[in-house]
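Colleague: I would like a close look at a single part of this model, set in the context of the chain that holds it and the chain beside it. Please take it in one go.

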Amino acid sequence: MAHEHKLEIFRGLVKFKSNQSKIWGVFAFLSIVTIIEVALGIIKPEFLIENRFLAMKLLNWVFIILTIVKAYYITWDFMHMRDELSSLRRAVVWTAIFLICYLVLILLIEGDYIFDVYKSNYVKFDF
Amino acid sequence: MDATVVKTGTEGKTWGGGNRPLNASYGKLMMWFFIVSDALTFSGFLASYGFSRFKFIDSWPIADEVFTHFPFLHGVDAPMYYVAFMTFILIFSSVTMVLAVDAGHKMQRNKVVVYLFLTIIGGLIFVGSQAWEWATFIKGDYGAVETKGGKILQFLNTEGDRVAIADFAIPIATAKEKHTEGNGVWYMEESTQTSFSYEEVKAGFLANENLLIRSQELVPDMARLRASELPEDKREVARLERSYINLDATGEKAIYNREIGVQKLMNDGKLVVEGANLKHNEYGTALFADFFFFITGFHGFHVFSGVIFNLIIFFNVVIGTYDKRGSYEMVEKVGLYWHFVDLVWVFVFTFFYLV
């Protein structure tokens with residue numbers, strides 16, 4: 001493996017001088033994202049809880065998007081995905097993303113269906 | 001040996017073998033294979049958690065009310081701080097791991113030793129924290145009553161604060177003792193008894209007019225429900241208004257009025273639950289505890305085995321194995337695994353504690 005590292009993150013917006021300083025930079029970024037998540041989780045702003053997008057609270061969208069952002073930087077910079085060939089990158093990332101999206105979609109739709117059955121059935125289950 | 005090696009005559013040609021089309025060594029590629037398959041395993045777990053949660057979307061426990069403890073801070077309500085601390089520990093141990101990999105590329109043995117050591121310490125702190133989190137969850141804090149249908153009834157005072165069953169239960173003198181193997185039929189024994197029986201809690205609740213019962217159900221968006229013209233929605237509104245007193249608190253657990261609370265406890269109550277295990281969970285549906293134990297347990301097992309791998313390569317680095325080999329790629333491969341464990345935790349953290 002070549003030992004050269006791509007030292008730019010945020011599409012070249014931030015460029016580091018060495019791999020070590022890039023690691024610390026990514027760590028700082030991940031910490032900030034985590035702090036934002038925890039702060040939002042504790043404060044729970046009204047605006048983000050009351051409004052929904054695609055049947056999900058905006059707050060949950062924020063959490064999930066920030067999680068994916070964190071996952072991206074862990075994979076790309078800590079696991080050096082940024083330095084691998086695009087063929088390896090795609091083989092790993094798209095396989096996982098496709099299968100996970102498929103699984104999650106099916107199971108969540110099914111779970112929601114069962115909720116409806118429980119809710120509107122003729123069998124008493126709250127006893 | 002030369003005599004036994006069969007040459008194919010294709011060495012150096014495209015199909016002669018030895019190519020690395022992905023520019024990664026065999027070991028690294030196999031580690032990526034493993035990571036993809038393990039990622040699918042974990043997403044299977046998290047997706048089934050989502051399935052169960054959607055199934056009970058109107059009564060799922062609120063994580064903020066379950067994980068409110070911090071070591072050495074007794075009685076302080078500190079939701080999420082402890083998990084946030086655990087997350088930082090794991091991210092930081094990921095940083096020291098990637099620094100070890102970086103030092104390995106430069107063949108700086110002493111630096112690799114230091115960074116790997118820090119990584120192992122971080123991993124151990126994380127596993128220890130998880131053990132504490134489990135112990136707190138298993139022990140529970142207020143106690144609750146489980147109904148015949150497996151629903152959880154929790155107790156509140158009129159201000160809406162939780163009340164522990166120990167604070168109001170009236171002890172009834174009985175000869176009931178835990179049945180152990182030493183007495184009676186040798187192969188029969190009883191599981192741990194709760195500190196108060198259902199009868200004692202019932203007596204205490206009836207004697208104390210200022211206690212209320214909270215159900216597992218979450219208050220729905222009443223404005224939307226009241227605006228609806230559908231007959232089933234009208235019935236639902238009538239049911240909710242008959243039973244609960246806090247219908248303005250959308251998304252919080254609904255509180256029965258006193259009469260309904262008494263009825264629920266008298267007619268449906270069955271046993272006292274303290275803490276959580278795989279069958280009972282004082283915080284709400286038992287599935288929540290099952291998934292908590294299963295997913296964080298499986299992840300904790302990954303962290304534990306990661307610590308073992310790190311220890312093995314740590315000693316290998318110390319005795320100079322990779323210097324002799326001329327490459328620190330093994331550190332990189334184990335590093336990939338370690339970062340993956342961190343990656344999984346990021347998702348577990350979101351879906352268990354935040355969402």
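What follows is one request about a strand and one connected reply.

Colleague: In chain B, please look closely at strand β3 (residues 211-218). How many of its residues are buried, and with which strands does it pair?

Modeller: The model is a predicted one. Strand β3 of chain B, residues 211-218, is mostly covered, with six of its eight residues counted as buried. For chain B as a whole, buried residues make up 36% of the 355 residues.

Two pairings involve β3(B). The partner that precedes it in numbering is strand β2 (residues 152-157) of chain B, and the two pair in the antiparallel sense over four bridges. One of the bridge pairs can be named: Asn157(B) has Leu211(B) as its bridge partner in β3(B). The other pairing is with strand β4 (residues 253-255) of chain B, also antiparallel, and here two bridges join the strands. In that pairing, Leu218(B) of the strand is bridged to Lys253(B) in β4(B). For the reading of side chains along such an element, a general point applies: in a regular strand they alternate between the two faces of the sheet.

Now the surrounding chain. Chain B has 12 helices and five strands. Its radius of gyration is 28 Å, well over the 20 Å that the globule rule gives for 355 residues, so chain B is more spread out than a compact globule. The C-alpha trace spans about 90 × 60 × 40 Å along the principal axes. Of the contacts in chain B between residues at least 6 apart in sequence, 72% join residues at least 24 apart.

The contact with chain A takes 45 residues from chain B and 45 residues from chain A. On the chain B side, the elements that give two or more residues are α1 (26-55), α3 (81-105) and α12 (329-354). The most comes from α1(B), with 13 residues. By class, this side of chain B has 24 nonpolar, 14 polar and seven charged residues.

As for the neighbour, chain A has four helices and four strands, in the order β-β-α-α-β-β-α-α along the sequence. Its radius of gyration is 20 Å, where a compact globule of 127 residues would have one near 14 Å. The C-alpha atoms of chain A fill a box of roughly 65 × 35 × 25 Å along the principal axes. In chain A, 19% of the 127 residues count as buried. Among its contacts with a separation of 6 or more, residues 24 or more positions apart account for 36%.

Notes: Residues numbered from 1 in each chain as written. Chains lettered and ligands numbered in written order. Predicted model: local features only at pLDDT ≥ 70, side-chain atom pairs only at ≥ 80, totals over all residues. Contact = placed C-beta atoms within 7 Å. Nonpolar A, V, L, I, M, F, W, Y, C, P; charged D, E, K, R; others polar. Rg over C-alpha atoms; globule rule 2.2 N^0.38 Å. Buried ≥ 20, exposed ≤ 12 C-beta atoms within 10 Å, placed from the backbone. Pairing = 2+ DSSP bridges.
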